[in-house]
There are 2 protein chains.
Amino acid sequence: MSGQGFGRVPLPGLPRRVVVHDVGPRDGLQNEAAFVPTAVKAELVRRLYDAGLPSVEVTSFVLPEWVPQLADAEELVAALPGDALERSTVLVPNRRGLDRALACGVRRVAVFASATESFSARNLNRTIGESLAMCAPVVARATAAGATVRAYVSMCFGDPWEGAVAPADVVSVGCRLLDMGCSELSLGDTTGVATPGQVVAVLDALGDAGVAVERIAVHFHDTYGQALANTLVALQHGVTTVDASAGGLGGCPYALGATGNLATEDLAWQLAGLGVETGVDLDRLVETSRWLAGHLGRPSPSRVVAARSAGRNR
Amino acid sequence: MSGQGFGRVPLPGLPRRVVVHDVGPRDGLQNEAAFVPTAVKAELVRRLYDAGLPSVEVTSFVLPEWVPQLADAEELVAALPGDALERSTVLVPNRRGLDRALACGVRRVAVFASATESFSARNLNRTIGESLAMCAPVVARATAAGATVRAYVSMCFGDPWEGAVAPADVVSVGCRLLDMGCSELSLGDTTGVATPGQVVAVLDALGDAGVAVERIAVHFHDTYGQALANTLVALQHGVTTVDASAGGLGGCPYALGATGNLATEDLAWQLAGLGVETGVDLDRLVETSRWLAGHLGRPSPSRVVAARSAGRNR
């Protein structure tokens with residue numbers, strides 16, 4: 001780990017090591033209006049692995065009509081070296097997407113559902129029950145093919161249409177996804193409104209329902225500046241997998257106000273200072289985000305990238 | 001407290017109430033190149049009190065040649081109503097500044113020193129020992145005149161020239177300031193590099209030295225995105241006074257890369273979600289920061305102000 005140098009002081013109760021799952025290539029790029037060339041996407045993935053990220057979500061096998069930016073999913077996966085493919089996840093919205101992914105040799109897929117009916121209706125155009133019913137055969141087929149399945153649960157804390165979300169609703173959806181055969185739940189704060197007490201309440205509710213904390217990842221958005229504090233309390237409660245996006249790009253294109261994934265750099269800065277191992281080389285990661293920002297034509301919203309790009313504090 | 005509505009879930013071990021000390025009018029405006037009219041400054045202070053802030057740092061009685069922006073300190077203080085003056089703090093860099101402040105009826109002043117020799121030399125042009133020797137008669141005269149004195153300690157965690165700062169250095173400077181008669185220490189992360197383990201280490205070291213946690217405030221900058229997580233662990237360790245700046249304006253003009261105080265709105269969002277009382281009306285505060293951003297001609301760096309200004313999630 002390079003690039004910090006302002007001290008490394010552990011905090012009791014934190015895990016020794018955290019797995020950072022970088023969703024930037026998928027979640028960060030899917031909102032881009034101008035098509036990003038496949039070669040740039042492939043280089044982004046390669047650079048993220050070179051910077052030490054253990055796990056990257058590279059694309060979504062969604063219908064090209066829905067997200068034209070990701071219409072090159074096959075080409076992108078084909079451009080990855082074999083060792084990168086083994087560690088990469090792709091999103092699959094349905095059976096057809098899964099079949100496309102498996103045909104490319106993908107071994108790790110992700111599905112998604114919402115904890116609230118309002119967001120399910122708006123994002124997926126179906127009820128929670130209908131979306132879970134659609135997920136079940138996808139998960140079954142994926143696991144039968146030897147792939148592992150991560151499950152995203154959106155709107156786990158607050159929903160712009162419904163307000164506060166009951167932890168029981170997250171437990172209900174989460175347990176059904178695990179029962180189907182998903183190996184991991186990623187708890188999404190889709191509009192970035194959560195505060196740390198809500199995070200603990202949801203983790204406690206899942207624990208009470210018998211879900212092992214090893215199966216839980218957190219996925220916070222920084223829309224209201226809360227992502228890193230929320231992550232910290234999740235780590236204090238045993239979570240060891242954290243989703244973030246290189247440079248802080250992305251969010252959900254269907255959720256109002258949902259700009260701003262937690263920047264991987266801001267997370268990596270905190271974990272390095274806390275002496276928590278991530279394997280991430282912060283300098284290389286910042287350089288990657290600056291390179292990508294050049295391609296996208298606007299600065300990264302990451303605080304660390306901005307501070308480092310000013311060439312200061314080195 | 002209005003303006004949240006996404007749930008209020010306490011976290012065990014947090015204080016019931018936090019005093020937010022808004023440094024925006026002083027620390028936020030002192031870096032502005034174009035002179036902000038005194039009437040705008042006075043309206044900013046009035047709006048902050050109307051938004052429920054219990055304590056505001058309104059200006060600095062520094063030599064006008066040093067900070068021309070604050071050359072109107074007397075006029076600004078004279079423009080405050082009596083009840084606002086009682087709750088307001090002003091910075092006084094030296095005896096002359098103190099005398100000017102006392103002559104205006106100010107009852108709360110603040111002094112400052114650095115925990116590192118490098119920053120002391122660059123910011124104050126004197127050693128730590130020399131700056132404390134200069135502080136002592138200022139503090140003595142202020143307390144003799146019945147004023148209370150808050151003390152800022154800069155560079156408490158990491159320093160761009162020295163790297164990690166030893167907690168013992170913070171204790172040494174802090175205890176000398178308290179021994180002089182200062183009533184409160186505000187621990188500054190002047191370049192925003194601190195991570196939560198360092199915060200706890202400094203708080204523990206001060207506690208071991210016999211400093212009551214009630215006398216400690218925290219002052220984090222968000223340069224590296226860490227301010228809110230650092231604040232949270234400070235609250236978990238008993239701190240109940242937090243410095244922040246409306247709209248996230250400001251920083252130290254003499255410290256490289258020191259842009260970005262913690263935005264009062266981002267703090268207020270977290271505390272409201274945690275059910276910690278602050279008295280702050282978030283809607284009025286956001287409105288104030290938007291009004292000020294209009295005067296300054298650029299958007300607020302606060303995540304909450306940005307999210308709210310997009311008119312979403314309401």
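**View 1. Asn125(B) in the loop between α6 (117-124) and α7 of chain B.** In this predicted model, local features need pLDDT of at least 70 and side-chain atom pairs count only at pLDDT 80 or more, while totals for chains, interfaces and linings use all residues. Residues are numbered from 1 along each chain as its sequence is written, with chains lettered from A and ligands numbered from 1 in the order in which they are written. Helices (H or I, at least four residues) and strands (E, at least two) are DSSP runs, numbered from the N terminus. Asn125(B) is not a glycine, yet its phi is positive, about 60 degrees. Asn125(B) is exposed, with 10 other C-beta atoms within 10 Å. (Buried means 20 or more other C-beta atoms within 10 Å of a residue's own, exposed 12 or fewer, partly exposed in between; C-beta atoms are placed from the backbone.)

**View 2. Asn125(A) in chain A.** Asn125(A) sits in the loop between α6 (117-124) and α7 (128-144). Its phi is near 60 degrees, a positive value in a residue other than glycine. Asn125(A) counts as exposed, because 10 C-beta neighbours lie inside 10 Å.

**View 3. Surroundings of Cys135(B) in helix α7 of chain B.** Helix α7 spans residues 128-144. Is Cys135(B) buried or exposed? Cys135(B) counts as buried, because it has 24 C-beta neighbours inside 10 Å. Leaving aside neighbours within four places in sequence, Cys135(B) is in contact with Val111(B), Ala113(B), Leu177(B) and Met180(B). (Contact means C-beta atoms, placed from the backbone, within 7 Å.) The C-alpha atoms of Cys135(B) and Val111(B) are 7.1 Å apart in space; the two residues are 24 apart in sequence.

**View 4. Packing of α11(B) on α12(B).** Helix α11 (residues 264-273) and helix α12 (residues 282-296) of chain B pack at about 170 degrees, with axes 10 Å apart. (Axes are lines fitted to C-alpha atoms, for helices over the stretch in contact; angles run from 0 to 180 degrees between N-to-C directions.) α11(B) and α12(B) are therefore roughly antiparallel to each other. (Under 35 degrees is roughly parallel, over 145 roughly antiparallel, 65 to 115 roughly perpendicular, the rest oblique.) From α11(B), Thr264(B), Glu265(B), Ala268(B), Trp269(B) and Ala272(B) meet Leu282(B), Leu285(B), Val286(B) and Ser289(B) of α12(B). By class, this contact has 6 nonpolar, 2 polar and 1 charged residues. (Ala, Val, Leu, Ile, Met, Phe, Trp, Tyr, Cys and Pro count as nonpolar, Asp, Glu, Lys and Arg as charged, the others, Gly among them, as polar.)

**View 5. Helix α11(A) and the residue Gly275(A).** α11(A) is mostly covered, with 10 of its 10 residues buried. Among them are Glu265(A), Asp266(A), Trp269(A) and Gln270(A). Gly275(A) follows α11(A) and has a positive phi, near 70 degrees.

**View 6. The side of chain A that touches chain B.** In contact are 41 residues of chain A and 41 residues of chain B. β7 (163-164), α9 (196-208), α10 (227-236), α11 (264-273) and α13 (303-309) of chain A each supply at least two residues of this side. α9(A) gives the largest share, 5 residues. By class, the side has 22 nonpolar, 15 polar and 4 charged residues.

**View 7. The axis relating chain A and chain B.** A turn of 180 degrees and a shift of 0.0 Å along the axis lay chain A on chain B with an RMSD of 0.0 Å. (Superposition is by least squares on C-alpha atoms of residues with pLDDT of at least 70 in both copies.) The two copies are thus related as by a two-fold rotation axis. In chain A, the C-alpha nearest the axis belongs to Ala229(A), 2.1 Å from it. The same surface serves both copies: 100% of the contact residues of chain A recur in chain B.

How values were computed
Two residues are in contact if their C-beta atoms, placed from the backbone, lie within 7 Å.
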